Amino acid sequence: MIDLNRRFAACFFIPLLFVSLTSAVQSSSSWEQENSLVWEYDFESGFISTAPIYHDGKIIVRTSGSDEPSVTALSVEGELIWKYTNSATLSNDMSPLVHAQAGTSSCGTWPELILVGWTDGTIDAIHPDNGTVHWSIQTEVAGWGITSVFSIEDGDVIVPTRTGVGQYCLADGQQQWWVETGLGWRNGVTATPQGYFSGDEKGNLWKITPQGNATVLSSFDGKIRHPPLETNAGLLVHVQHPLNSSIVLVNSNNGDVIQEFISGPSPAMPVLQNEMVITGDSSSLNIFSCQNSCELINTFPHHTNGEIGVSPDGSIVAPTNTPNANWGMISFVESRDGSYSQIDIGIYGYGTSSPLWFFERGANYTVFGNDQSLLRVFQQIEQQPPSFQQEEFDWGRQGLLFVMYMFLSMSAIFFLNGNSEWFLRSTSVLFLLIILLILPELSSQWSKTFDEQFPQESLDEDWNEEWPESWLETQMVTFDIEGQTYTVGGLSGYGDVYSLTEAATGELGFEFTAEKTEIGWYISSINGHGGDGWEYFVDGTKGVVSADKTPVDSPTRVRWVSV
Amino acid sequence: MFQAMGVHGPTLSPLASLFLDTFLLATAFWLLAKPTKRPVLDSLFLASLVLSVSLIRVVMQPLPNIQPVTVAALLVGAQLGARRGAAFAVLVAMISNFFMGHGWWTVFQAAGWASIAVFGSRLPLITVHGLHMRRAILASVLGALWFDLVVSLSILDGTIGFGEFLIYLGHGLPFDLLHMAGNLVFVVWLGSWFAGLLEEKTTLDEVEFAAVNSHVIDG
């Protein structure tokens, strides 16, 4: 009887080995095998926060940050063609570049243009061939100016400015109308037969008529930071709340909420692909099918907060907005509900820009960029018979897997032989290795769940009247160092405490050192002060996990206190 | 864990730190002092044990919350008694923290391990056949939880309420799990060997002394 139980247990252990082996073989994404790196361009400073665009043999990229915010045109071979810089802009330009075809309308005639919105409120229309300015206008600034995507309608461009929505002639930039809505950030505008729709930082969903009359269609307790999507089932918005978000379907005629789904914090900008809507946030990528109503088809663990890209073959590619991670891809080749994999493109770090796909001289290209100032261009390899390619062998990971398989097989063998002492030894090591592997993710998820179940009280951070008004509704960081307080504000677009703190120390000219630990980044010194360590508070609540694992909102107040 | 999370409890001034070190050292030597003379080799053995375990703890620092000291203290207490077990625990805490970071939490680490050594001396872990594995496994796993609880008390500085403290404990549960798993591995792989190493062999002098004593009594 005992032998029968052991054999039954062996039948359980042995398939585990083969399942693990199978997944190990498939660990390398097929995308990486089908595409090869052709060149990379290092901008040396600044962030690539929005997808490049392709025009007539040129890859046009915008970079933002404190050094030379620019729009740069590169040839398909990676050579610099032209560069247009706006030194007056505020930081973190993220408004997507928009290409306008040449045309004529009642307000005039215009050539092909690249429209660029800047955080200093400027809208530039530049010639894609040489980067010279065709026309330039100034819109209002309240903390910052334009952060949103434009919409081109007939001969005009609809622009969500900082405090409203305006229509401007493509020929000369002349304002046709402008209407005040709410403060917007990365909100964007969607053009539909019923009019234009746009959200704001107070959760208002605005409906603007073609004549420029604005009314609030619906209101939510949160922020709308993307152009609403017009689906067959209604208008879809992904509303950002302090600790999570909600995906809401709204009747575009009367503003009634039709459906609502709860999702993770810091939502990305959702995209519409035929009847599919893809949303993202700090915890997942979600696929909805929206026909008469929206239905959640699939969800995958992923951390993305910016743009989500759709490739020409229908795959979804999203950057990962964490320090060291690969890009996520959802493919619909093997499954109609999508299958998730990660693609290693060789640049890591925070990213919010979706890729660019284009076809040139018989080849398909994919262009990636992120906050590391690196642009990488991949070319799809022509289909060839399988051959043995020498790939880099990850000794560490493969070695650990081998050790785990070894202990798993030892456990099975000892169990079958009735050697309880050695069975216990091998199983205990296997158990320990598994916990070591999953500990970083486990502790992060556990802490998040714990915080949601047992939210701590938060204290109000007082506003100092000496601070500039432009800091209102922005991300601010305060450092308490030996009785002195240093505060910097006006920051935006940072998704976690670590990156926000790094930016803040850069603004103040503080030295900033951090150490990588198993459970995240530990700040060891700020401005040369290490002491016994640093604690941080987000909006008055003490942080209990590492800084890179704590998401932040906008606006937010982070305070660092030396222990 | 505490360094990564930035939670340290009260900060000690240099004078307070000196007082703390003096107190811990004095406690350790008081525990080691016994009425009967111990052979020099025994003292050297204990000293080498303290240094070895301290070194292992420092080397294993990159693995968060895997604490070989917990199992070592348990078995030292079981084999050598509560006093030497507690002294062992205090000295290991002091010496290893010299390299890893010394502060208010050292007291709690020393107290945690010392209490585990005392528990080890009270539990029937050692039998005539050697280490009782099941009891040792249970004791080491529970010891991990006890130690983590004692050390967590170090963050109480008057500003943290009971509710906050419970939340802090809750956040640390994955690391407690890792501590328990580490202890399980140590006791399963090395427990019997380590307990055998600590077993006190009766010397020839002690055999003769016992024989003479018994004759005297009989006489």
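Select helix 4 of chain B, residues 68–80, in this predicted model. Helix 4 is mostly covered, with 12 of its 13 residues buried. To see them, show side chains for V69(B), T70(B), V71(B), A72(B), A73(B), L74(B), L75(B), V76(B), G77(B), A78(B), Q79(B) and L80(B).

Next, add the surroundings in chain B. What covers the buried residues of helix 4 includes helix 3 (40–59), helix 5 (82–100) and helix 6 (105–122). Strand 1 (126–127), helix 7 (133–152) and helix 9 (173–198) of chain B are also among the covering elements.

Now hide the side chains and check the length of the helix. Its 13 residues should span 18 Å at 1.5 Å a residue, and the end C-alpha atoms are 18 Å apart, so the expected span and the model agree. Step past the end of helix 4 to G81(B), which follows the helix and has a positive phi, near 100°.

Move to chain A and select strands 2 to 5. These 4 strands form an open sheet in the order 2-3-4-5, with antiparallel pairing. Strand 2 (53–55) and strand 5 (80–85) of chain A are the edge strands, each pairing on one side only. On average, neighbouring strands of this sheet are turned by 20° against each other, direction ignored.

Inside this sheet, select strand 3 (residues 58–63) and strand 4 (residues 70–75) of chain A. The two run antiparallel and are joined by 6 bridges. Which residue of strand 4 stands opposite I60(A)? Select A73(A): that residue of strand 4 of chain A faces I60(A) across the pairing.

Notes
Residues numbered from 1 in each chain as written. Chains lettered and ligands numbered in written order. Predicted model: local features only at pLDDT ≥ 70, side-chain atom pairs only at ≥ 80, totals over all residues. Pairing = 2+ DSSP bridges. Axes fitted to C-alpha atoms, helices over the stretch in contact; angles between N-to-C directions. Expected span 1.5 Å × (residues − 1). Buried ≥ 20, exposed ≤ 12 C-beta atoms within 10 Å, placed from the backbone. Contact = placed C-beta atoms within 7 Å.
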